[in-house]
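This report covers one buried residue, a metal site and the empty spaces in a protein. Please have the sequence and the model at hand while reading.

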Amino acid sequence: MPIIPGQNSISRRRAILSLGGVVLSAGGLGYASGHVLAESGKGAQQTYPAAPDMPANAKVHAESLTAIQRSRQLVTPPTRATDILSYTDGPTVIRLKQGEWLEATLNNRLHEHTTIHWHGIRLPNAMDGVPYLTQKPIMPGESFVYRFQPPDTGTFFFHPHCNTVEQLGRGLAGVLVIEGDETRPHDHDLVCVYRDWRIDAVGRFQPMMTDAGASKAGTFGNHRTINDQVQPVFKVPAGGDIRVRFLNVDMSRVVDLGVTGADAWVIATDGNQLPPQKLKAWRLGPAMRADLTLRMPKEAGTRIQLVNYYAAQPIVIAELEAADTPLDRPDFAPAPLKAVAIPEPDIDSAETFQLRLSASSSPAQLPADLVMPDGSIQRYADALCLASKTFWAFNGQPWPNASHEVLPPPLVTFKRGRTYIIEIINQTPHIHPIHLHGHTFKVFASSKNDVIPHWADTTIVAPKERLKIAFVADNPGDWMIHCHIIEHQETGMMGIYRVV
Ligand code: C2O
Ligand code: CU
């Protein structure tokens, strides 16, 4: 039986905007009529899902993250350092062993609210970091503790989930590695974070969002980096087995990742085990990851290249240089990672939900900005976590929905424990990397290409393509589904799916 979209509506009103102890209610502070940010009267306080209980004997990995402006030298001197946003002084990489709990305290020292979304982690809804949906936004000066046990090994990342164009665009992101998936150890484990920066000749940020970009393929940066460096050279053991964890954390750039100078195999997609596939070029849209395994040449000083083939001319984005006394390893064969612990979808019994990606011309009719009691400006759009225009829609519904609710009703409701297929139908002339929160899905069929079945949390859908993904809806809650070209997300290509 097909699932009819849009039949379930949110009954409760949400998103009381609370700042400095003042709870705003509709009509009280000059909202244009017809736009309801919060229901007036008592008892309308949003309830959020409950945090998971951590057992007393849990092994805990504690991290302190402070979102604040820091200075980082992105371009070589004499260009001045750039005022970026980050969680820690250097690049933020958190490594846990499988089974450990993460207890991450986020201190917000920004001038606006923020949260952390743990991208790709199948965690309890309360820890998913979506303001107004799964938690109260963390206001300037406030802290919030994220506490959960990541169920899966792999390469993940985390980032804010509101005003993401600005916050992620200025650098706010970190890597989360969950170790314990190797069947044969590597000699070196290299994290490579790909992203552009949109800065001018003196190192200052340029506007991150443009109408031309948001309505097409996204606004691109001009300063391409791996781990904040341009074309870095990483010294790794000569003759050694290297694992490259490659993350595309850019907001719009697509990478066709290849390696020259050595054979490489893809062993994980979005952190999840894939039977080793010989690498030619592997397409990674924004938010997508691939883990590679390779053997370095033995001769010290020899370099191999990580290459992006997506551009008209291939671009070397980083090099690995064989260093030190060569290791003497037996002949190389790529070792598979351990199998994933994700429930296998039962495709034969699955119901299909169709998700059409299209353009939308509806203007987001937003009331004027709010002047808060402390004098700061709260943009209405910020409270909705979107820009002041919409260009995109899911099933004809741009976010926010035409209703006067702050949160639109779910696009669809799935029954807990059942397998669902989502057929993503791209009716636009642009690619869209579609991301589901809360579940890792299997990409298994396409109307355009042969698909190597693989696990993912984000998948590219090409123009005119119909792509099928499947998963067991085993994680209850209201979850986001959106395009990870962040300008598309913030101009309408975003929705909620519900699992009950
Ligand atoms: Cu990395 Cu909702 O996204
Ligand atoms: Cu998109």
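In this predicted model, M493 sits in the loop between α4 (486-489) and β34 (494-499). M493 has a relative accessible area of 0%. Buried means under 20%, so M493 counts as buried.

The surroundings of M493 come from several stretches of the chain. A393 lies 100 residues away along the chain, yet the C-alpha atoms of M493 and A393 are separated by 4.9 Å. Leaving aside residues up to four places away in sequence, M493 touches L357, S358, W392, A393, F394, H432, I434, H482, C483 and H488.

**The copper site**

Among the residues that M493 touches are H432, C483 and H488. These residues are also the protein donors of the copper ion (ligand 2). H432 donates through ND1, C483 through SG and H488 through ND1. The donors lie 2.0 to 2.1 Å from the copper ion. Their spacing in sequence is H-x50-C-x4-H. H432 belongs to strand β28 (residues 432-436) and H488 to helix α4. The two are 56 residues apart, and the pair links distant parts of the chain.

Are these two histidines buried or exposed? H432 is buried, because its relative accessibility is 0%. H488 is buried as well, because its relative accessibility is also 0%.

**Pocket and cavities**

The largest pocket and the second largest cavity are set side by side below.

| Space | Volume | Nonpolar lining residues | Polar lining residues | Charged lining residues |
|---|---|---|---|---|
| Largest pocket | About 640 Å³ | 11 residues | seven residues | eight residues |
| Second largest cavity | About 90 Å³ | four residues | four residues | four residues |

The largest pocket holds about 640 Å³ of space. It is lined by 26 residues, and W282, R283, N449, D450 and H454 are the closest to its centre. Several strands contribute to this lining. β17 (272-278), β18 (282-284), β29 (441-446), β30 (454-456) and β31 (458-461) each supply at least two residues.

How many cavities of 30 Å³ or more are there? The count is eight. The second largest cavity is lined by G169, R195, D196, W197, R198, M208, T219, F220, G221, D250, M251 and S252. Strand β11 (residues 188-197) gives the largest share of that lining, three residues.

Methods
Residues numbered from 1 in each chain as written. Chains lettered and ligands numbered in written order. Predicted model: local features only at pLDDT ≥ 70, side-chain atom pairs only at ≥ 80, totals over all residues. Heavy atoms only, no water. Helix = DSSP H or I, 4+ residues; strand = E, 2+ residues; numbered from the N terminus. Buried < 20%, exposed > 50% of the residue type's maximum accessible area, 1.4 Å probe, protein only. Contact = heavy atoms within 4.5 Å. Donors = N, O, S within 2.8 Å, 3.2 Å for Na, K, Ca; no water. 1 Å grid on protein atoms, 1.4 Å probe; cavity = no way out; pocket = protein on both sides within 12 Å on 5 of 7 lines; lining within 4 Å. Points joined across faces, edges and corners; volume = space filled by probe spheres on them. Nonpolar A, V, L, I, M, F, W, Y, C, P; charged D, E, K, R; others polar.
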